[in-house]
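Subject: Structure handover

Hello,

Here is the structure I said I would pass on. Please open it first and keep it beside you while you read the notes below.

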Amino acid sequence: MKIYHSPEDFSRLANAVVTSGTFDGVHVGHQKILHPLKEIATKHHGETVVITFWPHPQMVLHPKSLLKLLNTFEEKALWLKAEHSTSPKN
């Protein structure tokens with residue numbers, strides 16, 4: 001898994017299968033998005049791309065809010081990497 005911190009750093013991909021979201025915690029709901037994403041990418045010989053945000057958009061739009069995140073950016077990256085490397089579970 002590669003992590004890019006800026007769109008300018010990202011290389012063009014053939015057959016990219018893309019989703020976006022904050023993915024805080026990479027919970028079961030997120031897994032229901034990520035597993036089919038990987039399946040579609042595999043079927044089409046493509047790569048999965050997850051666009052996520054840091055800081056959380058609510059922290060940017062409402063900096064004085066008391067939003068409590070489930071994970072740090074580093075933890076989120078580890079969760080996404082683990083989801084990327086595992087096969088879908090039935």
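I begin with a small enclosed space: the largest cavity holds about 40 Å³. The model is a predicted one. By the rule used here, one cavity of 30 Å³ or more is counted. The residues lining the largest cavity are T22, D24, F53, W54, H56, L69 and K76. Sorted by class, that lining has three nonpolar, two polar and two charged residues.

Overall layout

The protein chain has three helices and two strands. Read from the N terminus, the order of the elements is β-α-β-α-α. Taken along the principal axes, the C-alpha atoms of the protein chain fill a box of roughly 45 × 35 × 20 Å. The protein chain has 90 residues, of which 24% count as buried.

Helix α1

Helix α1 covers residues 28-43, which is 16 residues. From the first C-alpha to the last, α1 reaches 23 Å, close to the 22 Å expected at 1.5 Å a residue.

Which residues of α1 are buried? They are H30, L34, H35, L37, K38 and A41. These buried residues are on the same side of α1, because they cover an arc of only 165 degrees around the axis. V28, K32 and K43 are exposed on the other side of α1. To see this in the viewer, look along the axis of α1 and colour the two groups of residues.

Backbone points to check

Some background helps here. Most residues other than glycine have a negative phi, and most peptide bonds are trans. Three places in this model are worth a look on that account.

The first topic is H45, which follows α1. H45 is not a glycine, yet its phi is positive, about 50 degrees. H45 sits in the loop between α1 and β2. Is H45 buried or exposed? Its relative accessibility is 71%, so H45 counts as exposed, the cut-off for exposed being over 50%.

Next comes N15, a residue other than glycine with a positive phi near 60 degrees. N15 is found in the segment before β1, and β1 itself spans 16-20. With a relative accessible area of 44%, N15 is partly exposed.

The last of these places is a peptide bond. W54 and P55 are joined by a cis peptide bond, with omega about 0 degrees. P55 is in the loop between β2 (47-51) and α2 (57-61). W54 was named above as well, as one of the residues lining the largest cavity.

Aromatic pairs

How many aromatic pairs does a search of the whole structure find? The search finds two. One of them is formed by Y4 and F10, with 5.1 Å centre to centre and 80 degrees between the planes. The pair of Y4 and F10 is edge-to-face, because its angle of 80 degrees is over the cut-off of 60. Y4 has a relative accessible area of 34% and is therefore partly exposed. F10, at 38% relative accessibility, also counts as partly exposed.

The largest pocket

Besides the cavity there is an open space to look at. The largest pocket has a volume of about 940 Å³. It is lined by 29 residues, and K2, Y4, V49, V50 and I51 are the closest to its centre. Y4 is thus named in two places, here and in the aromatic pair with F10.

Which elements each supply at least two residues of the lining of the largest pocket? They are β1, α1, β2 and α3, the last of which spans 73-85. Helix α3 gives the most to this lining, with six residues. By class, the lining of the largest pocket has 18 nonpolar, six polar and five charged residues.

One residue of α3

W79 lies in helix α3. At 41% relative accessibility, W79 counts as partly exposed. W79 and T19 are 60 residues apart along the chain, and their C-alpha atoms are separated by 16 Å.

If you want an order for going through the model, start with α1 and its buried residues, then go to H45, which follows α1, and then to the cis bond between W54 and P55. The largest pocket, with its 29 lining residues, can come after that.

Regards

Key. Residues are numbered from 1 along each chain as its sequence is written. This is a predicted model: local features need pLDDT of at least 70, side-chain atom pairs count only at pLDDT 80 or more; totals for chains, interfaces and linings use all residues. Side-chain values use heavy atoms; hydrogens and water are left out. On a 1 Å grid over the protein atoms alone, a cavity is a set of points where a 1.4 Å probe fits but cannot get out, and a pocket is an open set with protein on both sides within 12 Å along at least five of seven lines; lining residues have an atom within 4 Å of a point. Grid points are joined across faces, edges and corners, and a volume is the space filled by probe spheres set on the points. Ala, Val, Leu, Ile, Met, Phe, Trp, Tyr, Cys and Pro count as nonpolar, Asp, Glu, Lys and Arg as charged, and the others, Gly among them, as polar. Rings of Phe, Tyr and Trp (its six-membered ring) pair if their centres lie within 6.5 Å; planes under 30 degrees apart count as stacked, over 60 as edge-to-face and the rest as tilted. Buried means under 20% relative accessible area, exposed over 50%, partly exposed in between (1.4 Å probe, protein chains only). Helices (H or I, at least four residues) and strands (E, at least two) are DSSP runs, numbered from the N terminus. The expected span of a helix is 1.5 Å times one less than its number of residues. The arc is that of the directions from the helix axis to the C-beta atoms.
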